[in-house]
There are 2 protein chains.
Amino acid sequence: MKGQTERKIFADFLAARGLRDTSQRELILDEFLGRESHISAEELYYVVKKRDRTVGQATVYRVLKLLCDAGLAREVDFGDGTRRYEHEFGHEHHDHFICTSCGKTMEVVDPAIETLQNALAEKYRFSLANHELYLYGTCRECRGE
Amino acid sequence: MKGQTERKIFADFLAARGLRDTSQRELILDEFLGRESHISAEELYYVVKKRDRTVGQATVYRVLKLLCDAGLAREVDFGDGTRRYEHEFGHEHHDHFICTSCGKTMEVVDPAIETLQNALAEKYRFSLANHELYLYGTCRECRGE
DNA sequence: ATCAAAATGAAAATCATTATCAAGCGAAAG
DNA sequence: CTTTCGCTTGATAATGATTTTCATTTTGAT
């Protein structure tokens, strides 16, 4: 079954912290895993509510925070005022292209850039934990190529 | 006098759009130019109010938007829920280190990274307008080195 | 001077997110 | 069993930054 490893990780994470593995938490994790790309708390709230309309949105926010702590989700911010979440486990680190014309995002990665970032951090005696690179512009389709 | 070029740019920008060059707009621009580093709308509002306590904060928000459109200011977002603004005109593009321990930020730039970003964009047929790179970690001081 | 358009300040509204709180529930202890 | 205690929850209020509204003022061109 899909997402089995992630479910195990989450269960272990909860157990290690003395937290409970509730139906709401499993449902929210399940819906989060069930969709690719980036989802906002509100969007996730709506799809979760389709399966259980009693779930409150505060719980969705709370669980998203837990998923981030558990290393299963990662926060991204495309500057539109809403935080989005993407899968973290089993996904290589990547950066984002954001098309300012159609809003589409594309995941990209360049190992050489990553290497240079580490070198840059070292030069400034800065201990690098993580980074965010957002590349804004227009995609090929929007330019009509 | 300092900031003369910027004032001219702003005046021209306003004229080109048929907007008026008001005392509030000049005052806010002046205070914005008068401080280095990153300032939030609220911080700017307070220093502006010291010189003219009748200015409202809505006006500060409005003028900051104009300054961005005029190419004099640039929005930065360190992920703490507050947008900040930095000087754009006459300042090289740069990226940011953000110390997650003390909150300090450091401006850095690496031409090699910029070059690679452009190559990456080209590879994906993406027309790059601008980018934001945030490097999170801990600074030397916070690590007690 | 006149008049329409633009600008302003105060206050209300919005939007995403967080905090509060009373009620629910589950596991372990008695 | 059943009591207890703490973790969870949903509803709701609160928050904080930003935006909008709106009545009023200012401006610049006629």
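In this predicted model, helix H5 of chain A runs over residues 111-123, and its 13 residues reach 19 Å from the first C-alpha to the last, which is close to the 18 Å expected at 1.5 Å a residue. Just after H5(A) comes A:Arg125, whose phi is positive, at about 55°.

Two other helices of chain A meet each other, namely H2 (residues 23-33) and H4 (residues 57-69), whose axes come within 10 Å and cross at roughly 70°. Because angles of 65 to 115 degrees count as roughly perpendicular, H2(A) and H4(A) are described as roughly perpendicular to each other. The residues that meet in this contact are listed by helix below.

| Helix | Residues in the contact |
|---|---|
| H2(A) | A:Gln24, A:Arg25, A:Ile28, A:Leu29, A:Phe32 |
| H4(A) | A:Thr59, A:Val60, A:Val63, A:Leu67 |

Sorted by character, the residues of the contact of H2(A) with H4(A) are six nonpolar, two polar and one charged. An α-helix has 3.6 residues a turn, so residues three or four places apart point the same way.

The model also contains DNA strand D, which has 22 residues around it, and those that come nearest are A:Leu19, A:Thr22, A:Gly56, A:Thr59 and B:Arg83. Both chains take part in this surface, since H2 and H4 of chain A, together with helix H3 (41-51) and helix H4 (57-69) of chain B, each give two or more residues to the surface near DNA strand D. The largest share, three residues, comes from H4(A). By character, the surface near DNA strand D divides into 10 polar, six nonpolar and six charged residues.

Terms used:
Residues numbered from 1 in each chain as written. Chains lettered and ligands numbered in written order. Predicted model: local features only at pLDDT ≥ 70, side-chain atom pairs only at ≥ 80, totals over all residues. Helix = DSSP H or I, 4+ residues; strand = E, 2+ residues; numbered from the N terminus. Expected span 1.5 Å × (residues − 1). Axes fitted to C-alpha atoms, helices over the stretch in contact; angles between N-to-C directions. Parallel < 35°, antiparallel > 145°, perpendicular 65-115°, else oblique. Contact = placed C-beta atoms within 7 Å. Nonpolar A, V, L, I, M, F, W, Y, C, P; charged D, E, K, R; others polar. Near = placed C-beta within 6 Å.
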